[in-house]
Every structure is written in C-alpha cells, then in structure tokens.
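Here are my notes on this entry, set out as numbered points. Please read them with the structure open beside you.

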Amino acid sequence: MNQCYEIGIKSFVLVGITAFILGLVLVMQSRPTMMEFGAGSFLPAMSSISIVREIGPLVTALICAGKIGSGISAELGSMKVTEQIDAMEVSGTNPFKYLVATRIIATTLMIPILTVYADFISLIGAFTGSNIKDDVNLHFYVNRVFEALHFTDIGPSFTKTFFFGFTIGLVGCTKGYNSKKGTEGVGKAANISVVVAMVGVIIIDMVVTQITSMLGYL
Amino acid sequence: MATEINIAPVQEIADNQPVIEIEHLQKAFGSNVVLRDFSLTINKGENLVVMGRSGIGKTILIKCIIGLVKPDGGNLRVFGKDIFKLNHQDLDDMRTRIGFVFQSSALYDSMTVRQNLEFPLRRHRRKKISGTLDELVREALRNVGLENAIDLMPSELSGGMRKRIGIARSVILKPEIILYDEPTTGLDPITSEEITRLIMDLQQKYKTTSIIITHDIALARETANRIVFLSDGIVYKQGTYDELIHDEDMEIKHFFKR
C-alpha cells in the first residue's frame with residue numbers, strides 16, 4: 001500500500017495536468033481540419049477514441065517511465081551503494097521480495113488506475129477545447145463519447161497498461177538493484193532505466209496494436 | 001577540555017569453544033585474489049581484531065562469515081554449521097545470532113531511528129526476546145546513549161550518532177557474535193574513543209564474540225584479545241597487541257609505525 005501511494009497517488013497531479021492539456025490541444029489542433037471537411041460533430045468521437053485507445057495509456061506510461069522508473073532506479077541504486085540492501089539481507093529480509101516485488105506489483109496496479117484517471121481528465125480537457133470556439137453541450141458531448149467508445153476500444157488499451165506498469169517497475173528495479181558502486185553508477189542506472197522503460201513501453205504498444213489488429217478489433 | 005574516557009578492561013575469553021571456524025577460505029574477483037588460503041578459529045567470548053592494508057579483503061572476510069559474499073572455496077562454519085549449506089530460513093535464523101555493523105552505518109534513510117531499530121525485530125518475530133517493540137528500541141538506544149534521537153531521521157544525525165544507531169540496530173536482537181566493519185573510520189579521536197568504550201560495554205553486557213575490522217591502532221589496543229594481520233590473502237601474523245607491536249617483521253613494524 002505504501003508503494004502504491006508513493007508510486008501512484010503522488011503522480012496524480014503531474015498526470016492530471018498533462019492529460020488535461022493533451023486533451024485540450026488535441027481538439028484545438030484537430031478542429032480546423034475536421035471543420036473543413038464538415039465533420040465538426042465527430043470531434044467528441046474522434047477525441048475520445050484517440051484518448052482512450054492511445055494517448056491516455058501511452059502518455060501516462062511515458063510520464064511514469066520518466067518519473068517513477070527513474071525514482072525507483074535511483075532509490076534502489078542509492079540503497080545498494082550505501083549498503084542498505086546488504087543491511088536488509090543481514091536482518092533476515094529478502095531484499096528482492098521486500099524492495100523489488102512490492103514496487104513491481106505497485107507499478108503494475110497503479111499505471112492502469114492512473115491511465116483511467118488520465119483518460120477521464122483528458123476527456124474533460126477535450127470538452128474544454130471544444131467549448132473554446134463552439135458552444136458544446138456537456139450532455140451532448142458525453143453522449144457522443146459513449147456512443148463512439150466500444151469494448152474493443154477500452155479492453156485492449158486497458159489491458160496493455162498492466163504490461164506498461166510491469167515493464168516500468170521491472171526495468172526500474174533491475175537497473176537500480178544492479179547499479180554499480182558510486183553515485184555516478186546510480187545516475188547512470190536512473191538514466192538508462194528511463195530510456196529502456198520508454199522504449200519497452202513503445203514496443204509493447206506496437207505489439208498490442210498488432211495483436212488487436214490481427215484479432216479484428218481495429 | 002576533553003572528556004576522560006574510562007574503558008573497561010578486555011573481557012577474559014570465557015572458554016575455548018569455537019564459534020567461527022574458517023578453513024582454507026578462498027575468494028577472488030576476476031584476477032584479483034583477495035583471500036588465498038585463509039584459516040582461522042574464533043572462540044566464544046573472544047574479541048578478535050582484523051587489521052591489514054586497505055583493499056586486502058578484511059570486509060570480504062566478514063561478509064563471507066554472514067553469508068553476504070560466497071567464497072570460491074574452503075569451509076566456513078558458524079556455530080558448527082556450514083553457513084553456505086543452510087537453507088534460506090536457517091540462514092535467516094543464523095543471522096539473528098550475528099550482528100553486523102556496517103562501515104557506512106547503512107541506516108535505512110527513508111525510516112526514522114525508531115523504524116530502523118524496529119525493522120530487525122519485526123522481521124524476526126520468531127526469535128524470542130522479552131519486551132515490547134518500544135521497550136526493546138528504547139533499551140537499545142539507551143545502550144548507545146541516544147534515547148533522544150528516537151524520532152529523528154538518519155539525515156539529521158551526525159557521523160558519530162549514525163555509527164551508534166548502526167551499533168544499536170545490530171545488537172537489538174541480542175546477537176552472540178558482532179561483526180564490526182571499521183567502526184571508528186571517519187570519526188574524530190574523542191568520538192572514536194566513545195565508540196571504543198561502547199563496543200567494550202556491549203561486550204561486557206551481552207557477553208558477545210566480536211570481530212572488529214579496523215585500522216585504528218587505539219581501538220585495536222583497547223579491544224583486542226587477539227589481533228590477526230591479514231596480508232596476501234592469508235593470516236600473515238597473529239597475536240596479542242603487545243606481541244605484534246614488538247614484532248620485528250618489516251610489514252608489521254611499518255603498519256604499526258614503529
């Protein structure tokens with residue numbers, strides 16, 4: 001629970017602000033083109049599908065890879081360098097279970113929750129964006145969003161967030177736990193964990209998209 | 001004016017019952033041979049000081065004893081049991097009988113002093129120690145004279161205080177053996193004397209067997225029943241402080257700066 005709080009709850013503000021701005025910008029950028037083709041009424045559907053399928057999960061995962069992945073890696077690396085992990089082991093505690101497993105479980109559980117939250121906030125941002133130039137009724141907007149979204153949009157995108165969370169936790173813990181001695185090693189471990197986790201998230205996203213396509217959900 | 005420190009006399013060795021038996025221990029990191037053929041027996045109640053040049057393998061030796069580092073060869077028995085043939089549970093139980101004071105103190109910096117001291121107690125509920133968590137923590141802090149630091153974070157402690165808390169955490173499970181890794185390194189002479197006195201007080205109080213890794217000649221003089229000088233991966237010389245201080249070997253003379 002402590003790790004869920006540290007990893008999840010403390011990221012709510014950052015994820016919320018980013019998600020809101022992305023939703024807002026998405027609609028503001030898309031609107032002129034959509035209006036040109038006379039498809040302005042499709043803006044809620046287009047934005048909701050984009051947000052729920054791709055933007056919400058991916059952006060949440062990338063933010064968390066940067067914030068949480070580097071944090072985990074730096075924390076474990078620092079504990080290793082200052083012999084705190086050894087101290088834990090001589091205290092009869094398995095550091096892998098106590099430090100690594102708890103963090104991986106926390107990221108695997110919290111990234112999906114953060115994604116649902118980011119989707120929601122991003123849709124609010126998109127609604128706000130729609131209202132800057134037009135007068136869009138909230139009831140109408142919500143109806144169009146729920147009409148556009150199907151299980152095939154929500155299911156695969158929600159499922160992949162568990163894999164994103166697992167990857168971020170695993171990479172952060174592995175790099176931190178195996179960081180070489182010295183503060184330079186800790187910095188390098190944090191840096192590498194961000195890069196590897198981000199690339200891992202993008203590769204998983206591509207694989208899930210391919211599988212979803214092969215199953216006929218796209 | 002410096003405070004006068006009265007250090008209790010070195011405890012007489014209770015008997016010749018061996019608690020740690022090391023035979024032909026070997027450990028290398030790549031081409032760097034740290035322990036070549038190290039053999040040693042430590043008896044119950046003994047205060048053994050291990051000295052030698054930096055990087056010679058002293059810390060590796062005590063990390064082998066507690067099972068943090070696996071040797072490449074040789075035998076190592078603690079309380080008559082081969083520590084590397086124990087299963088995980090038995091190893092954890094064995095570790096409750098051994099305290100380890102890290103050179104860096106290794107306090108958990110995300111926890112308060114109280115939580116640092118409670119940690120081993122919470123993880124070893126099977127070990128029978130009388131008293132509540134709070135009583136045991138306060139007793140350990142009283143032993144090191146830092147009862148007022150109970151709710152401080154490690155970052156708020158001075159170097160000497162960190163060492164004391166590290167020692168308090170190591171003795172909280174009432175271990176029979178305590179391994180000290182350079183307990184006075186980086187401390188001023190007065191604080192070093194205080195730590196020396198603390199080590200002696202704890203040994204008197206809990207009748208522990210101690211292995212003390214140090215370069216501090218004063219600490220060795222005050223605490224050692226026997227000093228082992230480690231060089232080239234073997235026990236190069238051993239004896240009492242007086243024997244080594246009068247040894248004619250050039251390396252020993254140079255080390256003790258005579």
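1. The contact draws 10 residues from chain A and 14 residues from chain B, two residues being in contact if their C-beta atoms, placed from the backbone, lie within 7 Å. On the side of chain A that touches chain B, the classes are two nonpolar, five polar and three charged residues, where Ala, Val, Leu, Ile, Met, Phe, Trp, Tyr, Cys and Pro count as nonpolar, Asp, Glu, Lys and Arg as charged, and the others, Gly among them, as polar.

2. This is a predicted model, in which local features need pLDDT of at least 70 and side-chain atom pairs count only at pLDDT 80 or more, while totals for chains, interfaces and linings use all residues. Residues are numbered from 1 along each chain as its sequence is written, and chains are lettered from A and ligands numbered from 1 in the order in which they are written.

3. The largest nonpolar core (buried Ala, Val, Leu, Ile, Met, Phe, Trp, Tyr and Cys residues joined through C-beta atoms within 7 Å; buried means 20 or more other C-beta atoms within 10 Å of a residue's own) has 119 residues, and those with the most contacts inside it include A:Ala61 and A:Ile168. Helix α3 of chain A (residues 43-81) gives the most to this core, with 14 residues; helices are DSSP runs of H or I, at least four residues, and strands runs of E, at least two, numbered from the N terminus.

4. Leaving aside residues up to four places away in sequence, A:Ile168 touches several residues, among them A:Ala61, A:Cys64 and A:Ile111.

5. B:His24, in strand β1 of chain B, has a positive phi near 50° although it is not glycine.

Methods
Buried ≥ 20, exposed ≤ 12 C-beta atoms within 10 Å, placed from the backbone.
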